[in-house]
Amino acid sequence: MNLIFFFLIDDFKGNAETVLVIDDVDEQRKIARDSLELLGYTPFTVSSGEKAIVFLEKHPIDLILLDMKMEPGIDGLETYKRILVNSPSQKAIIASGFSESSRVKEAMKLGAGQYIKKPYTIKKLASALKKEVGS
């Protein structure tokens, strides 16, 4: 069974593209990081929008995986707006445990591509990554 899983995952493998996971929940960051590594991406993680902005000032990233609701501090939408000031073409995937809200829709209007609902499967994450990295 594992061979089948990895064979199918090969269709979605990345090419070491860099992905910044922005999530306030430690376990979510770990799951995302491990999934990204399995899929062939190079993950980095931060625990807040503010830390993401500082990180991105020094490290260009191919894609961000952005949680919409983070506490304390700025939420995902505000984080993405601030990132776009310095990197107007920054690709993003929105991940949230909540339904597709008006804030998610606004982030997508600003340029975020895919929206995946938590808890997401590795297949949904892989598909969203492939669509964003390939675009």
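User: What stands opposite Asp-67 in strand 4?

Analyst: In this predicted model, the residue of strand 4 that stands opposite Asp-67 is Ala-95. Asp-67 itself has its place in strand 3, and strand 3 and strand 4 pair in the parallel sense over 5 bridges.

User: Is Asp-67 buried or exposed?

Analyst: Asp-67 counts as buried, because its relative accessibility is 5% and the limit for buried is under 20%.

User: And which side chain does the side chain of Asp-67 make a polar contact with?

Analyst: The partner is the side chain of Lys-118, at 3.2 Å. Leaving aside neighbours within four places in sequence, the residues in contact with Asp-67 include Ile-22, Asp-23, Asp-24, Gly-76 and Ser-96, as well as Ala-95 and Lys-118.

User: Lys-118 came up there, so what is the peptide bond from Lys-118 to Pro-119 like, cis or trans?

Analyst: The bond from Lys-118 to Pro-119 is cis, with omega near -5 degrees, and Pro-119 is placed in the loop between strand 5 (114-117) and helix 6 (122-134). A cis peptide bond also joins Glu-71 and Pro-72, where omega is about -15 degrees; Pro-72 is found in the loop between strand 3 (63-67) and helix 4 (76-86).

User: Back to the strands, then. In what order do the 5 strands of the sheet come?

Analyst: The order is 2-1-3-4-5, in an open sheet with parallel pairing. Strand 2 and strand 5 are the edge strands, each of them pairing on one side only. On average, neighbouring strands of this sheet are turned by 20 degrees against each other, with direction ignored.

User: How many bridges join strand 1 to strand 2?

Analyst: There are 5 bridges between strand 1 and strand 2, and the two run parallel. As one example from this pair, Ile-22 has Val-46 in strand 2 as its bridge partner.

User: Which helix packs on the sheet, touching strand 1, strand 2 and strand 3?

Analyst: That is helix 3, whose direction makes about 155 degrees with that of strand 1. Its buried residues are Gly-49, Ala-52, Ile-53, Phe-55 and Leu-56. Seen down the axis of helix 3, these buried residues fall within an arc of 165 degrees, so they line one face of the helix. They pack against strand 1, strand 2 (42-46), strand 3 and helix 4.

User: Which exposed residues does the face of helix 3 turned away from its buried side carry?

Analyst: That face carries Glu-57 and Lys-58, both of them exposed.

User: How many residues does the largest nonpolar core have?

Analyst: The largest nonpolar core has 23 residues, and those with the most contacts inside it are Leu-20, Ile-22, Ile-64, Tyr-80 and Ile-94. At least two residues of this core are supplied by each of strand 1, helix 3 (49-58), strand 3, helix 4, strand 4 (91-96) and helix 5. Apart from this core lies another, of 17 residues, with Ala-95, Tyr-120, Leu-125 and Ala-126 among them. As background, nonpolar side chains in soluble globular proteins tend to be buried together.

User: Ile-22 again! What is Ile-22 in contact with, leaving aside its neighbours within four places in sequence?

Analyst: The contacts of Ile-22 include Val-46, Ser-48, Gly-49 and Ala-52, and also Ile-64, Leu-65, Leu-66, Asp-67, Met-70, Thr-79 and Ile-83.

User: How many residues of strand 4 are buried?

Analyst: Strand 4 is mostly covered, with 5 of its 6 residues buried.

User: Changing topic, where is Pro-88, and is Pro-88 buried or exposed?

Analyst: Pro-88 has its place in the loop between helix 4 and strand 4, and it counts as exposed because its relative accessibility is 66%, where exposed means over 50%. The C-alpha atoms of Pro-88 and Gly-111 are separated by 8.7 Å, while the two residues are 23 residues apart along the chain.

User: Last one: which residue has a positive phi although it is not a glycine?

Analyst: Ala-16 has a positive phi of about 65 degrees, and its place is in the loop between helix 1 (2-10) and strand 1 (18-22). At 45% relative accessibility, Ala-16 counts as partly exposed. Met-108, found in helix 5 (residues 102-110), is also partly exposed, with a relative accessible area of 27%.

Note on methods:
Residues numbered from 1 in each chain as written. Predicted model: local features only at pLDDT ≥ 70, side-chain atom pairs only at ≥ 80, totals over all residues. Heavy atoms only, no water. Helix = DSSP H or I, 4+ residues; strand = E, 2+ residues; numbered from the N terminus. Buried < 20%, exposed > 50% of the residue type's maximum accessible area, 1.4 Å probe, protein only. Core = buried A, V, L, I, M, F, W, Y, C linked by side-chain atoms within 4.5 Å. Contact = heavy atoms within 4.5 Å. Arc of directions from axis to C-beta. Pairing = 2+ DSSP bridges. Axes fitted to C-alpha atoms, helices over the stretch in contact; angles between N-to-C directions. Polar contact = N/O pair within 3.5 Å; in protein donor to acceptor, adjacent residues only side chain to side chain.
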